[in-house]
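Subject: Structure handover

Hello,

Here is the structure you were waiting for. Please open it first, then read the notes below.

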Amino acid sequence: MSMARSFNNWIKYRQTVSELGRMNARELSDLGINRDDIRRVARKAAF
């Protein structure tokens, strides 16, 4: 995997973690996510 692609994946991961982290428990629950799952969901989205 190229450096640029790896970097873009990392950026996407960080943005996803940040956006989900700003949500409250109710909003996360509506999406079927709990706070402990944020990093796993972000990893799945980015990679």
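Start with residues 4–39. The C-alpha atoms at the two ends of this span lie 22 Å apart. The span is 72% helix and 0% strand. It comes from the record: the UniProt annotation "domain: YjiS-like", in an unreviewed entry, covers residues 4–39. Annotations of this kind may be inferred rather than shown by experiment. Please also keep in mind that this is a predicted model.

Overall layout

The protein chain has three helices and zero strands. Read from the N terminus, the order is α-α-α. The C-alpha trace spans about 40 × 15 × 15 Å along its principal axes. The chain has 47 residues, and 21% of them count as buried. Take the contacts between residues at least 6 apart in sequence: 43% of these join residues at least 24 apart.

Surface and charge

The accessible surface of the protein chain comes to about 3,900 Å². Carbon and sulfur atoms account for 51% of that surface. There are 10 positive side chains and 5 negative ones. The centres of the two sets lie 8 Å apart.

The core

Which residues make up the largest nonpolar core? There are eight: Tyr13, Val17, Leu20, Leu28, Ile33, Ile38, Ala42 and Ala46. Two elements give two or more residues to this core: α1 (3–21) and α3 (38–46).

Tyr13 is a good place to look in the viewer. Setting aside neighbours within four places in sequence, Tyr13 is in contact with Arg39, Ala42, Arg43, Ala46 and Phe47. Two of these partners, Ala42 and Ala46, are themselves listed in the core.

Thr16 sits in helix α1. Is Thr16 buried or exposed? Thr16 is buried, because its relative accessible area is 17% and the cut-off for buried is under 20%. Beyond residues up to four places away in sequence, Thr16 touches Ala42 and Ala45.

The loops

Met23 lies in the loop between α1 and α2 (25–30). Its relative accessibility is 26%, so Met23 counts as partly exposed. With neighbours within four places left aside, Met23 is in contact with Leu28, Leu31 and Arg35. Now compare positions along the chain. Met23 and Lys12 are eleven residues apart, and their C-alpha atoms are separated by 17 Å.

Arg35 is in the loop between α2 and α3. At 43% relative accessibility, Arg35 is partly exposed. What does Arg35 touch, apart from residues up to four places away in sequence? The partners are Leu20, Gly21, Met23, Asn24, Ala25 and Leu28. Leu20 and Leu28 also belong to the core. Arg35 and Ala25 are ten residues apart in sequence, yet their C-alpha atoms are 7.2 Å apart in space.

The third helix

Arg40 is found in helix α3. Why is Arg40 called partly exposed? Its relative accessibility is 45%, and partly exposed means that the value falls between the 20% and 50% cut-offs. Across the chain, Arg40 and Val17 are 23 residues apart, with their C-alpha atoms separated by 9.3 Å. Val17 is one of the core residues.

Where to look

For a quick tour, begin at Tyr13 and its contacts, including Ala42 and Ala46. Then go to Thr16, which also touches Ala42. Finish at Arg35, where the contacts include Met23 in the other loop.

Best wishes

Technical notes
Residues are numbered from 1 along each chain as its sequence is written. This is a predicted model: local features need pLDDT of at least 70, side-chain atom pairs count only at pLDDT 80 or more; totals for chains, interfaces and linings use all residues. Side-chain values use heavy atoms; hydrogens and water are left out. Helices (H or I, at least four residues) and strands (E, at least two) are DSSP runs, numbered from the N terminus. Buried means under 20% relative accessible area, exposed over 50%, partly exposed in between (1.4 Å probe, protein chains only). Contact means heavy atoms within 4.5 Å. Accessible areas come from the Shrake-Rupley method with a 1.4 Å probe; for residues, only the protein chains shown count as cover. Lys and Arg count as positive and Asp and Glu as negative; His and the chain ends are not counted. The place of a charge is taken as NZ of Lys, CZ of Arg, CG of Asp or CD of Glu. A nonpolar core is a set of buried Ala, Val, Leu, Ile, Met, Phe, Trp, Tyr and Cys residues joined through side-chain atoms within 4.5 Å.
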